[in-house]
Amino acid sequence: MTSHVKAYRAAILHSIADPALVGDAQSYEYFEDGVLVVDNGQVAKIGHAKDLLPTLKGVDVTEYRDALITPGFIDTHIHYPQTGMIAAYGEQLLDWLNTYTFPTEKQFADPAHAADVANIFLKELLRNGTTTALVFASVHKQSVDAFFEASQALNLRMIAGKVMMDRNAPDYLTDTAQSSYDDSKELIERWHGKARLHYAVTPRFAPTSTPEQLTAAGKLLAEYDDLYMHTHLSENLDEIAWVKSLFPEQKGYLDVYDHFQLLSERSMFAHGVHLCDEECQRLAETGSAVSHCPTSNLFLGSGLFNLKQAEQFGVNVGLGTDVGAGTSFSMLQTLNEAYKVQQLQRNKLSPFKSLYLATLGGAQALRLDDRIGSFASGNDADFIVLDYHATPLLSYRLQQAKNLEEKLFVLMTIGDDRAVQETFAAGQSVHKR
Ligand SMILES: [Zn+2]
């Protein structure tokens with residue numbers, strides 16, 4: 001083997017299927033003493049140390065004791081301009097946007113500010129073990145340039161787009177249907193498909209776009225291959241009533257997006273807290289996905305996401321932190337809250353389903369499961385090392401754990417950024433605690 005091959009020895013775990021379809025036991029692969037072999041930034045293979053080590057003569061093997069290697073986390077909904085306003089007190093969605101969000105996003109007209117925040121944001125993602133995210137920028141095209149420049153410098157797989165917003169927001173933060181089309185197009189030409197970057201057409205949500213702007217968004221999606229569409233849907237009851245009054249000719253919220261041809265296999269709708277069965281059916285038949293953002297839904301008092309309903313209809317679901325309405329960059333802490341959201345509805349969220357949501361499920365929802373989300377050979381070597389001794393409590397509690405399921409659940413309940421010992425993107429170390 002040549003010098004671009006590297007190997008990592010620890011316990012290794014990854015999802016291979018949705019537990020809702022195959023059951024927990026068939027949904028993962030686990031190697032108690034495993035080796036991950038990386039060749040030129042890609043996964044070559046994984047297996048038991050006793051089988052693989054003899055084949056790795058001359059290869060540099062990094063060993064982590066009492067640690068678990070998993071694929072990097074995939075955050076399917078987050079806003080990078082809101083990094084500096086996480087934990088803003090006292091409001092529900094619509095007042096929260098006016099009071100905190102819009103004034104904060106105004107600052108991203110300044111490219112230097114955008115670059116600073118993009119770097120802080122990416123560092124925070126990597127500290128928390130998130131290697132891919134679907135990201136809202138601000139309405140300013142320079143905010144997207146800043147984000148993609150910083151992502152490219154670290155060779156990360158990231159998806160982002162310029163917010164399209166031409167009504168019901170302050171003048172300093174609105175574009176027009178035409179300028180949003182032109183600016184998005186320029187950014188698509190500059191960034192989509194470059195290195196590991198993808199572009200998402202990003203109308204903020206139906207209330208802040210005119211029918212003309214939503215038409216422009218649909219036109220962009222029709223003009224390029226493999227573009228994403230990223231927006232919000234049915235988060236808050238006042239929001240849903242507002243959409244109804246703005247688009248009285250449409251039956252429901254999802255019908256608005258459907259009317260403008262914004263539903264496809266690469267469409268991601270954040271929240272979907274208050275969906276009817278018909279809407280779930282339509283999301284499933286168009287291959288569209290929903291981001292479950294539990295910390296945000298609790299923080300803004302929006303409601304409880306019905307994961308069982310989504311599973312019944314076969315809707316693709318990813319897990320989002322939704323910072324800055326979400327209260328943590330940590331996908332482990334987001335899973336902790338996701339478990340509680342299901343408990344309040346008398347549903348059980350198993351640790352293997354949680355692992356799936358944070359890795360392979362997100363990749364499948366984003367149609368990137370042939371690149372990320374598992375250790376299938378040929379995938380990007382985006383992975384993390386979780387430390388069983390990260391805190392005294394975690395260490396002590398894990399000593400009592402009888403099996404993998406219990407260990408995993410403890411990690412997801414009391415683990416956070418401190419548990420992430422090292423993060424790798426395309427085989428390169430991009431964060432070391
Ligand atoms: Zn959001």
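Mentor: Before we begin, note that a residue is called buried under 20% relative accessible area, exposed over 50%, and partly exposed in between. The structure before us is a predicted model. In this model Cys276, with a relative accessible area of 37%, is partly exposed.

Trainee: How many disulfides does the model contain?

Mentor: A disulfide is a covalent bond between the sulfur atoms of two cysteines. To assign one here, we require a pair of cysteine sulfur atoms within 2.5 Å. By this rule there are 0 disulfides. Cys276 illustrates the point: the nearest cysteine sulfur belongs to Cys280 and is 7.2 Å away, and Cys276 is in no disulfide.

Trainee: Why does Cys293 not form a bond with the closest cysteine sulfur?

Mentor: The closest cysteine sulfur to that of Cys293 is in Cys280, and because the two are 15 Å apart, they are too far from each other for a bond. As for its surroundings, Cys293 has a relative accessible area of 0% and is therefore buried.

Trainee: Let us turn to the metal. Which residues are the protein donors of the zinc ion?

Mentor: The protein donors are His77, His79 and His232, each through NE2, and Asp322 through OD. These donors lie 2.0 to 2.4 Å from the zinc ion. Along the chain, their spacing reads H-x1-H-x152-H-x89-D. His232 belongs to strand 10 (residues 228-233), while Asp322 sits in the loop between strand 13 (316-319) and helix 13 (331-343), so this pair ties together parts that are 90 residues apart in sequence.

Trainee: How should I read the geometry, and why is the arrangement around the zinc ion irregular?

Mentor: Ideal angles at a metal are 109.5 degrees for four tetrahedral donors. Around this zinc ion, the 4 donor atoms subtend angles of 86 to 171 degrees, and the arrangement is therefore irregular. For the tetrahedral label, all angles would have to lie between 85 and 135 degrees.

Trainee: Are His232 and Asp322 buried or exposed?

Mentor: His232 counts as buried, at 7% relative accessibility. Asp322, at 3%, likewise counts as buried.

Trainee: Next, the internal space. How many cavities of 30 Å³ or more does the structure hold?

Mentor: There are 4 such cavities. The largest encloses about 100 Å³ of space. Its lining comprises 13 residues, and those nearest the centre are Leu93, Trp96, Leu97, His232 and Glu235. Thus His232 takes part in this lining and is also a zinc donor. Helix 3 (residues 93-106) supplies the largest share of the lining, with 3 residues.

Trainee: Which classes of residue line the largest cavity, and which line the second largest?

Mentor: The lining of the largest cavity has 6 nonpolar, 4 polar and 3 charged residues. That of the second largest has 9 nonpolar, 2 polar and no charged residues. The volume of the second largest cavity is about 60 Å³. Among the residues that line this second cavity are Phe73, Leu332, Leu335, Leu355, Leu408 and Met412. Helix 13, helix 14 (351-358) and helix 17 (404-414) each give two or more residues to this lining.

Trainee: Helix 13 also holds Gln342. Is Gln342 buried or exposed?

Mentor: Gln342 is buried, with a relative accessible area of 2%. Its C-alpha is 32 Å from that of Phe102, and the two residues are 240 apart in sequence.

Trainee: Where is Ser264 found?

Mentor: Ser264 is found in the loop between helix 9 (253-259) and strand 11 (267-271). With a relative accessible area of 31%, Ser264 is partly exposed. Ser264 and Glu285 are 21 residues apart in sequence, and 9.1 Å separates their C-alpha atoms.

Conventions
Residues numbered from 1 in each chain as written. Predicted model: local features only at pLDDT ≥ 70, side-chain atom pairs only at ≥ 80, totals over all residues. Heavy atoms only, no water. Buried < 20%, exposed > 50% of the residue type's maximum accessible area, 1.4 Å probe, protein only. Donors = N, O, S within 2.8 Å, 3.2 Å for Na, K, Ca; no water. Tetrahedral: all angles 85-135°; square planar, octahedral: opposite > 155°, others 65-115°. Helix = DSSP H or I, 4+ residues; strand = E, 2+ residues; numbered from the N terminus. 1 Å grid on protein atoms, 1.4 Å probe; cavity = no way out; pocket = protein on both sides within 12 Å on 5 of 7 lines; lining within 4 Å. Points joined across faces, edges and corners; volume = space filled by probe spheres on them. Nonpolar A, V, L, I, M, F, W, Y, C, P; charged D, E, K, R; others polar.
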